[in-house]
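Trainee: Could you zoom in on one part of this model for me and go through it properly? After that, I'd like to see how the rest of the structure is laid out around it.

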Amino acid sequence: MAFIKLNELEVEVEDGTNVVEAARQHGIEVPHYCYHPGLSSPANCRMCLVEPHVFFPPAGAIVPDRQLATGCTTVLRTAPPDRKLDGKYDFIVYTDSPRVKKAREDILEFLLVHHPLDCPVCDQAGECDLQDFSYRHGHDKSRYLEVKNVPPKKDLGPDVLLYSTRCIVCTRCIRFCQEVSGSSELGLIHRGSHDEIDIPRAHDGMPLQLLDNKLAGNVVDICPVGALISKDFLFKSRPWFMKKESSVCAGCSVGCNITVEYKEDGVYRLKPRFHGEINQHWMCDDGRLGYHYVNSDDRLQLPMTRVEEELRPTHWADALTQVTEKLSEADAAEVVVIGSAQGTNEDNYVLQQFAHEVLKTEQLGLFGALPGEEHVFPQFTIEADKNPNTAGARQMLSNGAPVLEGEALWQKVSEASIVYLVNGAPGRPLESVEKAALESVDFLIVQDVLPSEVTALADVVLPGTTFVEKDGTFTNSKGWVQRVRKTVDAPGEARLDWEIVQQIAKQLGGEMGYHFAGEIAIAIAENVPGYADATHQNIGDSGVKLA
Amino acid sequence: MVQEKRILYEHLDVPGINTFDVFRQHDGYARFEKAIAEYQPDDIAKMVMDSGLKGRGGAGFSTGLKWSFVPKDIKPCYLCCNADESEPGTFSNRYVLEKNPHLLIEGILICCYAMGIETTYVYIRGEFTLGKKMLDAAIKEAYAKGYLGKNIRGTGLNVDIYTHPGAGAYICGEETGLIESLEGKRGQPRNKPPFPAVEGVFRKPTVVQNVETLCNLPFIVGEGVEWYTQMGPTYGDTRFDPPKPDPNTGTKLYCISGDVNKPGVYELELGLTCAELVEVAGGVRGQEVKAVIPGGSSAPILTRYELDTRLDFTSLTLAKSMLGSGGIIVMNETRNIVDCLLNIMKFYAHESCGQCTPCRWGTPWVRDIVQRIADGNGRKSTITRPRFGIAENGRWGDTGETEEIYEDLDLLESVANNIANVDTMTWNTICVFGIAVSWPAVSYLRKFRPEFEATIREGQLTTLSVEAATVPPEENYAYQQRIVPRELE
Ligand SMILES: Cc1cc2nc3c(=O)[nH]c(=O)nc-3n(C[C@H](O)[C@H](O)[C@H](O)COP(=O)(O)O)c2cc1C
Ligand code: SF4
Ligand code: SF4
Ligand code: SF4
């Protein structure tokens, strides 16, 4: 630990921390643009200038250093005993001296020289570092009278637009593409005040290269201004009109921490949230843009039953009566219950409890495998398992007995007369074996969020909820248990998956009385090995690693 | 009359000196041979330190001291010869490359021997096609004669030289910009520290040295430190007690251009005055000297009252200017200082590498302000300060004392100082290009303010007489603050 004098505070920071981070840890803002904790520090924006104080031998005193230093590259370390300042400090630095304040004002003035200040039509307004720092640290007027540069707007790739006029050339986006995605699509063209971000254009027989990697969306997040804009979000909403909730991405088994930004009428965007051991600052575009099915008009809103070969909407009482009638008539050996790797641990635990305690069947399966491609980048991996909760669902469903999966599952399904299947994976195709097995079932109950190949075969369809409409936990491939949180309401009459199961259980005379997901998590903590710490309270925003 | 003292340029005009054989006849490579025969590498480094040689590329940093920062235990270590000579007004390296390239090779060999370096990159300004051709030919010859390559002259010494042409960017003359460019990246200076001596080319210790600096080495070794230190003044740095010797030894290749009768490169001992140099170059062309740029376009300008300043590193620094690259540009009474500043600012606005905020956007802004002034659109306003007394109409009232405010001149100075502050010598930029911008801007303005004001008043470029254009010494900030160093006894 280094002992630092930070303004008038005396603080301890870990060796190797830079001044920006050290100040942040103690609630002091050192404004910066080019520095990003997940990237290298080129110190080019000059915004984070701070004033170190050093010992000046001729004066025999500690004096302000001649030059200001960039906080992002000034790393704090324990000094050897004979180099301590004032006999105790390892470093003395001021982030609010008059010189520092003046330097910030000057830098901000330069940053705004060519900036269009088109905040009224800029997507970034409200979450813009240029707005915020200008407001907090800048001048109130501009002395610039000359003509402003107007570099062109550019379409960089499938989801990213560049409003070059707003770019402050911090090079975060370039460094991201070099260091994290390793794909280096972005670079600078021209020089000096004509610097522009660009992609490799077709030249000398070389093809145009678009910003088209699976991490590209992150450049929009890290752009401190409204230069890089997501086409998906463009002009959709002002940031301050959206509510935010910490959650976890349901796109694959990595389990990136995210913030869901939503309004009453749906989810507007997903943004990555820092987790040091899972996703750092990033998320992939599959996850980022994969939420659209949640807002889809096709979402299942009412239960449906098959009438004359056709699925027709009905009311819950009717659908559930049909389901309970069939289940109560059936022989336990002929019933197969299948959980979902898209569902939360809570959903799957309740389903398992229902199967064991109410239906008294051991035939529990996991419908899930949603294999995709793995993508490995220098500092990020997108996993091949496209379900968020394969590990958790397996542990919840098993509860001692092995869970049926793959061939064994489909074998059992083809022998069964009643199957209760929870899906929830949008657009998952059915393989021919799976399809044949499901077709052979007498009575197929499907709980799903969208019309799918599975619902097409069902006798009863029960509308469930997606990861943004419920509270619960996912367990990622590395054993991190993390929370998803309810943001928007489920559409129409769709219900929480565990509530549906519990309702059926009750109608069959079972004794399940959970009121909210947190209660189920407590039951899980008590009953499922490894989950002792995984109560919602403990998990919080940063997750709990399985013992 | 001051005499030229030709050392580096002594044999420049000898026909065929660019070939190995002729160079050899004129002591060529003998100094290198002496170095390896008579001295250990550390002896050479000590000689260079004792010689007081200061870098000729611009910063004037002690070469021996720079070498002492290079860690001995990290290998490989590289030498980068800076032949990117692009500072406006500077053209001395070019003649070495074009006419006497073997001298540079000999200097490189001595440096490599002293520092245990096996690989040298010569970064040559892209426009120097002839210079590169001549150097390449000389390198080839030196390889053929066994003065480059493996096991040079049976001593076990290995030295390879590679030449690398620049792509036309001034900033690639800045040592870390040069290194980035050499590595194949955009020529953008690095943050320092670490300095190249510790982490340079390919993140290895690197000695970056100007052509002229390296060409001094054969003479320091050949003729000895004592001989070398007799040239040029050694001042006493009075901040120390007793005053610490501050050598400005050796000769300098002064590139003199502008309004003189015989422009060109003159090799002279360091320490002659600006006025003497103008005389050496055939005197001013025209009536009188209006201003002199003493060290390339980045250096603060000198007025006619400051021509007694000695042209060496210490004297010019203490006179709030710099010797820089030794590019001296003389302006006579016909020159308009606003126009000159515009010319220079156009250059800097074009050449800023664009990496850091103040320079990227401040430099073109400075240019635009000067452009506006030169176009006759500079802003001026008259304000009246209320003061009560007997007014013109004979009544008691406001006598209406007026004051002229030149907003654009204040703006110009403020913007330039915000890039790099000339008074405190602090800059908010990554490299010292920033101060190379604000130095001329602020010094031209402060020292020739009447001409700027006249241009704004008249609404067009207005050239005043030298007398009227120049701020008198008692109002000249640099003249007031300058210190004339004293030579050590
Ligand atoms: C903007 C800028 C341009 C420079 N251009 C040159 C140049 O063209 N040639 C040169 O030798 N040094 C140039 N320098 C100085 C170099 O950074 C460096 O100080 C020099 O090469 C060191 O060599 P020396 O110690 O032998 O002078 C420049 C410096 C700056 C800041
Ligand atoms: S980037 Fe920021 S300051 Fe610029 S227009 Fe957008 S919101 Fe305004
Ligand atoms: S586009 Fe954004 S992230 Fe990229 S350099 Fe410009 S301001 Fe920085
Ligand atoms: S001061 Fe200018 S030239 Fe130097 S790094 Fe910054 S932008 Fe580039």
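Mentor: Sure, let's start with the shell around ligand 4, whose residues divide into 8 nonpolar, 6 polar and 1 charged. Keep in mind that this is a predicted model. There are 15 residues around ligand 4, and those that come nearest are Cys353(B), Cys359(B), Thr429(B), Cys431(B) and Phe433(B). Looking at elements, helix 14 (357-374) and helix 16 (433-447) of chain B are the ones that give two or more residues to this shell. The shell also draws on two domains: at least three residues come from each of domain 1 (20-230) and domain 3 (337-462) of chain B.

That makes the layout of chain B worth a look. Its domain assignment gives domain 1 (20-230), domain 2 (246-332) and domain 3 (337-462). The centres of domain 1 and domain 3 of chain B, taken over C-alpha atoms, are 41 Å apart. These two domains are in contact, with 10 residues on the domain 1 side and 7 residues on the domain 3 side. The domain 1 side of that contact splits into 5 nonpolar, 4 polar and 1 charged. So much for the domains that ligand 4 draws on.

For two other ligand shells, move over to chain A. Around ligand 3 there are 13 residues, with Cys167(A), Cys170(A), Cys173(A), Cys223(A) and Ala227(A) as the closest. By class, this shell has 11 nonpolar residues, 1 polar and 1 charged. Ligand 2 has 13 residues around it as well, and Cys119(A), Cys122(A), Cys128(A), Val225(A) and Gly226(A) come nearest. The ligand 2 shell divides into 7 nonpolar, 4 polar and 2 charged.

As for domains, chain A has domain 1 (2-104), domain 2 (119-132 + 141-239) and domain 3 (304-545). The centres of domain 1 and domain 3 of chain A, again over C-alpha atoms, are separated by 53 Å.

Now some strands of chain A. Strand 9 (residues 153-155) and strand 10 (residues 160-163) run antiparallel and are joined by 3 bridges. They form a hairpin, with 4 residues between the two strands, and Lys153(A) stands opposite Tyr163(A) of strand 10. Strand 10 of chain A also pairs with strand 13 (residues 228-230) of chain A, in the antiparallel sense and over 3 bridges. There, Leu162(A) faces Leu228(A) of strand 13.

A loop residue to click on is Ala202(A), which sits between strand 12 (196-198) and helix 5 (218-222) of chain A. It counts as exposed because it has 9 C-beta neighbours inside 10 Å, and the cut-off for exposed is 12 or fewer. Setting aside neighbours within four places in sequence, Ala202(A) is in contact with Pro207(A) and Leu208(A).

Further along chain A, 3 strands make an open, antiparallel sheet in the order 26-27-28. Strand 26 (472-475) and strand 28 (544-545) of chain A are at the edges with a single partner strand each, so one side of each has no neighbour in the sheet. Strand 26 pairs with strand 27 (residues 480-484) of chain A over 4 bridges, in the antiparallel sense. Within that sheet, Phe474(A) has Gln482(A) in strand 27 as its bridge partner.

Finally, how the chains come together. The contact takes 25 residues from chain A and 22 residues from chain B. On the chain A side, the largest share is 5 residues from helix 2 (residues 98-111), and the classes there are 12 nonpolar, 6 polar and 7 charged. The largest nonpolar core holds 296 residues, and Val419(A), Ile445(A), Cys80(B), Leu104(B) and Cys111(B) touch the most other members. The largest share of this core is 11 residues, from helix 6 (residues 101-115) of chain B. Take Ile445(A): leaving out neighbours within four places in sequence, its contacts include Val323(A), Val419(A), Leu421(A) and Val460(A), and Asp459(A) is also among them.

Terms used
Residues numbered from 1 in each chain as written. Chains lettered and ligands numbered in written order. Predicted model: local features only at pLDDT ≥ 70, side-chain atom pairs only at ≥ 80, totals over all residues. Nonpolar A, V, L, I, M, F, W, Y, C, P; charged D, E, K, R; others polar. Near = placed C-beta within 6 Å. Core = buried A, V, L, I, M, F, W, Y, C linked by C-beta atoms within 7 Å. Buried ≥ 20, exposed ≤ 12 C-beta atoms within 10 Å, placed from the backbone. Domains from an automatic or database assignment. Pairing = 2+ DSSP bridges.
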